[in-house]
Amino acid sequence: MTATLAPDLEQFLARNDKTAHDELFELLRIPSVSARSEHIPDMTRCADWVARSMRAAGLTAEVLPTGGHPVVLGEWRGAGPGAPTVLVYGHYDVQPAEPLDLWTSPPFEPVIRDGRIYARGSVDDKGQLFLHIKAIQAHLATRRKLPVNMIVLAEGEEEVGSENLERFVERNAARLACDYVVISDSSMFAPGLPSILSSLRGLAYFQIDVQGAAGDLHSGSYGGAVANPATVLARIIASFHDKNGHIAIKGFYDKVRPWTKAERKALKKLPFKDKTFLAESGAMAAVGEKGFSSLERVWARPTCEVNGMLSGYTGEGAKTVLPAKAMAKVSCRLVPDQSPADIEKKMKAHIKKMTPPGVTVTVEHLHGGRPWRAELDGPLFDAARRALKTAFAKDPVIVGEGGSIPVVGDFERVLKAPVLLVGFGLPGENAHAPNEWMSDENFVKGMRAMAALWDELRP
Ligand code: BES
Ligand code: MN
Ligand code: MN
C-alpha cells in the first residue's frame, strides 16, 4: 500500500501549484451556461479551452459535435492492450448564475477567500474536472507515461439533462470501451472525510400547463362562475402528497427497491446530525416522509418536488384578475428500480384524474435520468480507498447521494464498466446557488488523490 504520493508526482504538483490555480481561474472565467442560448459562443470557447488543456497535459483531444453542446474527448493509449483502460467523465457546463445580486463577488470572476475558491462552476464541475486533467499531466509530464490507458470525456450538457450524451455514448461505444469509469462530480460527507458514492437518484422532470379562458378576465365579473387555473394547479400540486409525506400518485412506489437492513444500519453509523444539516441549509425543520430519517429521505426515497410556479398578477400592489393560465415545473427524484418513462405514465394518469371541467391541462416530460446504485467491490474500489487515504490521511466512507448524474446509468448499460464516483465538494458549497465555492484544500488534495489512483491501478 502506498502511504504517500510518489515523490516525482508530488514534486510536480507542488511545483505547478500556482499554474494549476491560474489555469483553473481561466476556465472559471468562461461563462459556459448550457441552459442559455446567448452563451452558445461561450460553450464552444470553453470546449476549446478544455481540449487545449488536455493537450497540454499530454492527451490527444478532439472537440466533437453532438445535437447540442460539443463533447471534448481526450485520449492517451500508450499503456498498451495489457493495461486497463479508464474513462474519466466530467462536465464543463455550469448552471445559470442568477440571482446575481446575491453573489459577494461576481460569479465569473473567481477569487479565493478563506480557503474557498468562489465562482460559478468551481465545484460543479469545472474544479473537479480540471483536477483530473492536472493529475494526468503530473504522470505524463514526469514519466512520459501512465499506468493505465486514459479516456477523458467532458460534456457540456449535464446541467440541462445530458439529452444528447446517451446517443453519443451508444454511437461511440467502441471508442469509449473501458474497464473502469471514474467521476468527480459530487461531495465529501464532511471536511477531511473522503467519500465514495454508492448511489445516485434518477430524475423525471415535468412542465404542467393549465389553460382556462382564452384570456385573463375581470375577477369580479367572472370570479366564482368559471374555473381558475391557478386554483386548479394548486389542487393538483397539493394532491401529490398525503399528510404523511408519502407520494399519492398511484403506483409511484411499485418499483422502489427498499434498502436492506444492513444498508440502513451502515447509514446510521455516519457522522450525521439533523442540527448540522439544518444549519448548513438554513432550513427551519427536518420535514418529509414519515418513518424515514433525513439521510434516508435524501438517499433512499423518491420525491416529487415543485421547482417553480407561474400564474396571474405578481407585480406591485393589487390587481383583481382571474388568470387565463398557470404553469408549474415539477420534478421527481427516482430510486432504483424506478424509471423515468414509467413515472411519466403514472404522473400523466394522476393529473388526468385530477383535472376538473373548465380547464385543459398538458404535461410535458422535459428530461429524465435513471437512478443508480452499486456494489462497491473489485480492484477499482480497493485502489480508490488506498488513493484517498494517501491524499487525505483518512479511510474513505461510503455514502449515498440525492442528486443525479444522468449519464452514469448509460455508462453502466452501454460500456458495462463499474463506475467510481469520488467527489471533492463539501456540504454547504452552494452548488447551483449564489456564492458557489470549492475548498482549495480539496482541489489540491483531489489532484493528489487522483494522481495516486492511477499508480494504485497499475496491473
Ligand atoms: N454534480 C451534480 C450532481 C450532484 C448533485 C452530485 C448533488 C452530488 C450532489 C450535477 O451537476 C447536477 O446538478 N445534476 C442535476 C441533473 C439534472 C440537471 C438532470 C441534478 O441533480 O439536478
Ligand atoms: Mn455536476
Ligand atoms: Mn450541477
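Q: What makes the arrangement of the 6 donor atoms around the manganese ion (ligand 3) irregular?
A: It comes down to angles. In general, six octahedral donors would ideally sit at 90 or 180 degrees, and four tetrahedral ones at 109.5 degrees. In this predicted model, the 6 donor atoms around the manganese ion (ligand 3) subtend angles of 56 to 156°, so the arrangement is irregular.

Q: Which protein atoms are the donors of that manganese ion (ligand 3)?
A: Look for N, O and S atoms close to the metal; the cut-off here is 2.8 Å. The protein donors of ligand 3 are Asp124 through OD, Glu159 through OE, listed twice, and His432 through NE2. They lie 2.1 to 2.5 Å from the ion.

Q: How are the donor residues of the manganese ion (ligand 3) spaced in sequence?
A: Spacing is a handy way to see which stretches of chain a metal brings together. For ligand 3 the pattern reads D-x34-E-x272-H. Glu159 sits in the loop between strand E6 (149-155) and helix H5 (165-171), while His432 sits in the loop between strand E18 (419-421) and strand E19 (437-439), so this pair ties together parts 273 residues apart in sequence.

Q: Are Glu159 and His432 buried or exposed?
A: Check the relative accessible area: under 20% is buried, over 50% is exposed, and in between is partly exposed. Glu159 has 15%, so this residue is buried. His432 comes out at 42%, so His432 is partly exposed.

Q: Which residue bridges the manganese ion (ligand 2) and the manganese ion (ligand 3)?
A: A bridging residue is one to look for in the donor lists of both metals. Here Asp124 does the bridging, and the two ions lie 3.6 Å apart. The list for ligand 2 has His91 (NE2), Asp124 (OD) and Asp185 (OD, listed twice), at 2.0 to 2.4 Å from the ion.

Q: What are the angles and the spacing at the manganese ion (ligand 2)?
A: Read this site the way we read the other one. The 6 donor atoms of ligand 2 give angles of 57 to 166°, and the site is irregular. Along the chain, its donors follow H-x32-D-x60-D. His91 in strand E3 (residues 85-91) and Asp185 in the loop between strand E7 (180-183) and strand E8 (195-197) link distant parts of the chain, 94 residues apart. His91 has 0% relative accessibility, so His91 counts as buried; Asp185 is buried too, with 11%.

Q: Which residues are closest to ligand 1?
A: Start with the shell, then go to individual atom pairs. Ligand 1 is surrounded by 16 residues, the closest being Glu158, Asp185, Arg333, Ser404 and His432. By class, that shell holds 3 nonpolar, 7 polar and 6 charged residues.

Q: What lies where among the polar side-chain atoms and ligand 1?
A: Look at N and O atoms on both sides. A polar side-chain atom of Asp185 is 2.8 Å from a nitrogen atom of ligand 1. Glu159 places a polar side-chain atom 3.1 Å from an oxygen atom of ligand 1. For His432, a side-chain N or O atom is 2.8 Å from an oxygen atom of the ligand. The protein covers 85% of the 510 Å² of accessible area that ligand 1 has on its own.

Q: Away from the ligands, with which side chain does Asp42 make a polar contact?
A: Place the residue, then look for its partner. Asp42 is in helix H3 (residues 40-56) and is buried, at 13% relative accessible area. Its side chain makes a polar contact with the side chain of His39, at 2.8 Å.

Conventions. Residues are numbered from 1 along each chain as its sequence is written. Chains are lettered from A and ligands numbered from 1 in the order in which they are written. This is a predicted model: local features need pLDDT of at least 70, side-chain atom pairs count only at pLDDT 80 or more; totals for chains, interfaces and linings use all residues. Side-chain values use heavy atoms; hydrogens and water are left out. Donors are N, O and S atoms within 2.8 Å of the metal (3.2 Å for Na, K and Ca); water is not among the atoms, so sites may look incomplete. Four donors count as tetrahedral if all angles lie between 85 and 135 degrees; four count as square planar and six as octahedral if opposite donors are over 155 degrees apart and all others between 65 and 115; anything else is irregular. Helices (H or I, at least four residues) and strands (E, at least two) are DSSP runs, numbered from the N terminus. Buried means under 20% relative accessible area, exposed over 50%, partly exposed in between (1.4 Å probe, protein chains only). A residue is near a molecule or strand if one of its heavy atoms lies within 4 Å of it. A polar contact is a pair of N or O atoms within 3.5 Å; within protein, one must be able to donate a hydrogen and the other to accept it, and residues adjacent in sequence count only if both atoms are side-chain atoms. Accessible areas come from the Shrake-Rupley method with a 1.4 Å probe; for residues, only the protein chains shown count as cover. Ala, Val, Leu, Ile, Met, Phe, Trp, Tyr, Cys and Pro count as nonpolar, Asp, Glu, Lys and Arg as charged, and the others, Gly among them, as polar.
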